[in-house]
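Dear colleague,

I am handing over the structure we spoke about, and my notes follow below it. Please read them with the coordinates open.

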Amino acid sequence: MSAPLLELSGVTRRYDLGDAEPVVALRDVDLAIDDGEFVSIVGPSGSGKSTMLHLLGALDRPTEGTVSVAGRDVSTMDDTELARLRNATIGFVFQQFHLLARTSALANVELPLVYAGVGRGERRRRASAALSQVGLGHRLEHKPNQLSGGEQQRVAMARALVTEPRLLLADEPTGNLDSQRGEEIMALLADLNATRGVAVVVITHDLEIAALAPRQIGLRDGVVSEPAVLR
């Protein structure tokens, strides 16, 4: 059996605050997520969701325990190796979209490929294909201020997909959208999961959004529970 795509074993993340009591954001977490899964991690503000995001995305290292991404222990890797792992394996989707305001949808999606050294023609082909996959093949030259909030989130998703990652890590991807647009984004994530086989992890405070994922994991006071209690 192959190793999980993401695996946390006995993970604690503690933040030392000088003379003050340390803050324990995650406590002895065991969690495994396989290739091709569609998972939501749901919890209220202060539950440890941001810390979980940073660990799953290889943006941080645990204080105790082991975090493995694509079979590699992140604690054994230097910053350059971690950056390469993220670029090759993970696509990030954020609540705030983080699009360049004066740049077309196509150019926004091309950006990760520029950093990867992909040639101009290939960048354009792959970015166009990614935008078509999220239903924006007709909006390539539109700038963010010419797009709705839902369309801007689709551009951000296309940008995350253009490097062909094994994992989409989505942090509150519906947080700036109304309920209808939020459900549309979740449906699109489900479709990408089904058709491309990309694993999807959605981190959210919204119980209704979390319930749309086949597997739901609860997070409260830094402790994981599964199945999550969605009420």
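The notes below take up one helix, its surroundings and some charged pairs.

This is a predicted model, in which local features need pLDDT of at least 70 and side-chain atom pairs count only at pLDDT 80 or more, while totals for chains, interfaces and linings use all residues. Residues are numbered from 1 along each chain as its sequence is written, and side-chain values use heavy atoms, with hydrogens and water left out.

In helix α2 (residues 79-89; helices are DSSP runs of H or I of at least four residues, strands runs of E of at least two, numbered from the N terminus), Leu82, Leu85, Arg86 and Thr89 are buried (under 20% relative accessible area with a 1.4 Å probe, protein chains only; exposed is over 50%, partly exposed in between). Seen down the axis, these buried residues fall within an arc of 95° (taken from the directions from the helix axis to the C-beta atoms), so they line one face of α2, whereas Arg84, Asn87 and Ala88 on the other side are exposed.

The buried residues of α2 pack against β4, β5, β6 and β7 (contact means heavy atoms within 4.5 Å). Four of the five residues of β6 are themselves buried, so this strand is largely enclosed by the rest of the structure.

Of the eleven salt bridges (a side-chain nitrogen of Lys or Arg within 4 Å of a carboxyl oxygen of Asp or Glu), one joins Glu37 to Arg215, with the closest N and O atoms 2.9 Å apart; the two residues are 178 residues apart in the chain.

Best regards
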